[in-house]
Amino acid sequence: SAVYIAKYNNFLLELHLDYCGKQIRRYCEFITADGLYTFDITNNQILKNGIMEKSFVEDGNDKYYRELQNFFSIVSGNADNNNTIKHAIEVMNIAIN
């Protein structure tokens, strides 16, 4: 389980990833002057103040299948890897600072 909280000039960000709990919870929250926005990764939904704004229909394994396809494309030389070490370090610095 991991929880990241970041404070920006005009909003707070919480990223919660729970891989080990009894209840699967993967979401990102933005607290703004307009309210609380929740990007529910597990249920493929966007909520505003707890009310669903948008839902994405997707088979539960589709996103993982796309990740594997992308990985194999990269290692076989058919696609560029956009996730460089430099970018990964930048993302981690945002998450922990």
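**Exercise 1. Is Lys63 buried or exposed in this predicted model?**

*Task.* Place Lys63 in the fold, classify its accessibility and list its contacts.

*Solution.*
Step 1: Start with the secondary structure. Lys63 belongs to helix H1.

Step 2: Turn to the accessibility. Lys63 has a relative accessibility of 18%, and the cut-off for buried is under 20%. Lys63 therefore counts as buried.

Step 3: Look at the surroundings. Setting aside residues up to four places away in sequence, Lys63 touches Ile41, Asn44 and Glu58.

**Exercise 2. Which residues are in contact with Asn44, leaving aside its neighbours within four places in sequence?**

*Task.* Describe the position of Asn44, its backbone and its contacts.

*Solution.*
Step 1: Find the residue. Asn44 sits in the loop between S4 and S5. These two strands form a hairpin with four residues between them.

Step 2: Check the backbone. Within that turn, Asn44 has a positive phi of about 55°.

Step 3: Check the accessibility. With a relative accessible area of 15%, Asn44 is buried.

Step 4: Collect the contacts. Beyond its neighbours within four places in sequence, Asn44 is in contact with Lys54, Ser55, Phe56, Glu58 and Lys63. Lys63, from the previous exercise, is a residue of helix H1.

**Exercise 3. In what sense do S5 and S6 pair, and over how many bridges?**

*Task.* Work out how S5 is paired with S4 and with S6, using single residues as markers.

*Solution.*
Step 1: Begin with S5 and S6. Strand S5 covers residues 45–48 and strand S6 covers residues 51–55; they pair in the antiparallel sense over four bridges.

Step 2: Mark the register. Gln45 has Ser55 in S6 as its bridge partner, and Lys48 has Ile51.

Step 3: Inspect the turn. The hairpin of S5 and S6 has two residues between the strands, and Asn49 takes a positive phi near 50° there.

Step 4: Go to the partner S4. Strand S4, residues 35–40, also pairs with S5 in the antiparallel sense, over four bridges. Here Tyr37 stands opposite Lys48.

Step 5: Put the markers together. Lys48 of S5 stands opposite Tyr37 and is the bridge partner of Ile51 in S6.

Step 6: Keep a rule of thumb in mind when viewing the side chains. In a regular strand, they alternate between the two faces of the sheet.

**Exercise 4. Which side chains meet in a salt bridge?**

*Task.* Find the pair and describe its setting in the helix.

*Solution.*
Step 1: Count. The structure holds one salt bridge.

Step 2: Name the partners. The side chains of Glu90 and Lys86 meet at 4.0 Å, N to O.

Step 3: Locate them. Both residues lie in helix H2, residues 85–96, and they are four residues apart, about one turn of the helix.

Step 4: Compare the accessibilities with the cut-offs. Glu90 has a relative accessible area of 38% and is partly exposed. Lys86, at 61%, is exposed, as exposed means over 50%.

**Exercise 5. Which residues form a nonpolar patch on the surface?**

*Task.* Identify the patch, then look at residues of helix H1.

*Solution.*
Step 1: Name the members. Leu68, Phe71, Phe72 and Val75 form the patch, and together they have about 410 Å² of accessible area.

Step 2: Take one member. Phe72 is found in helix H1, which runs over residues 62–75. Its relative accessibility is 49%, so Phe72 counts as partly exposed.

Step 3: Add another residue of the helix. Asn70 lies in H1 too and is partly exposed at 38%.

Step 4: Relate Asn70 to a residue earlier in the chain. Asn70 and Ile41 are 29 residues apart along the chain, and their C-alpha atoms are separated by 19 Å.

**Exercise 6. Why is the protein described as more spread out than a compact globule?**

*Task.* Combine the fold pattern with the overall dimensions.

*Solution.*
Step 1: Write down the pattern. Along the sequence, the protein reads β-β-β-β-β-β-α-α.

Step 2: Compare the radius of gyration with the rule. The radius is 16 Å, well over the 13 Å that the globule rule gives for 97 residues, so the protein is more spread out than a compact globule.

Step 3: Add the box. Along the principal axes, the C-alpha atoms fill roughly 45 × 35 × 25 Å.

Step 4: Look at burial and contacts. Buried residues make up 19% of the 97 residues. Of the contacts between residues at least 6 apart in sequence, 5% join residues at least 24 apart.

Step 5: Finish with the surface. The accessible surface comes to about 7,800 Å², and 56% of it belongs to carbon and sulfur atoms.

Terms used: Residues numbered from 1 in each chain as written. Predicted model: local features only at pLDDT ≥ 70, side-chain atom pairs only at ≥ 80, totals over all residues. Heavy atoms only, no water. Pairing = 2+ DSSP bridges. Patch = residues over 30% accessible without salt bridge, like charges linked within 9 Å, V, L, I, M, F, W, Y side chains within 5 Å. Areas by Shrake-Rupley, 256 points an atom, 1.4 Å probe, with all protein chains shown as cover. Buried < 20%, exposed > 50% of the residue type's maximum accessible area, 1.4 Å probe, protein only. Rg over C-alpha atoms; globule rule 2.2 N^0.38 Å. Contact = heavy atoms within 4.5 Å.
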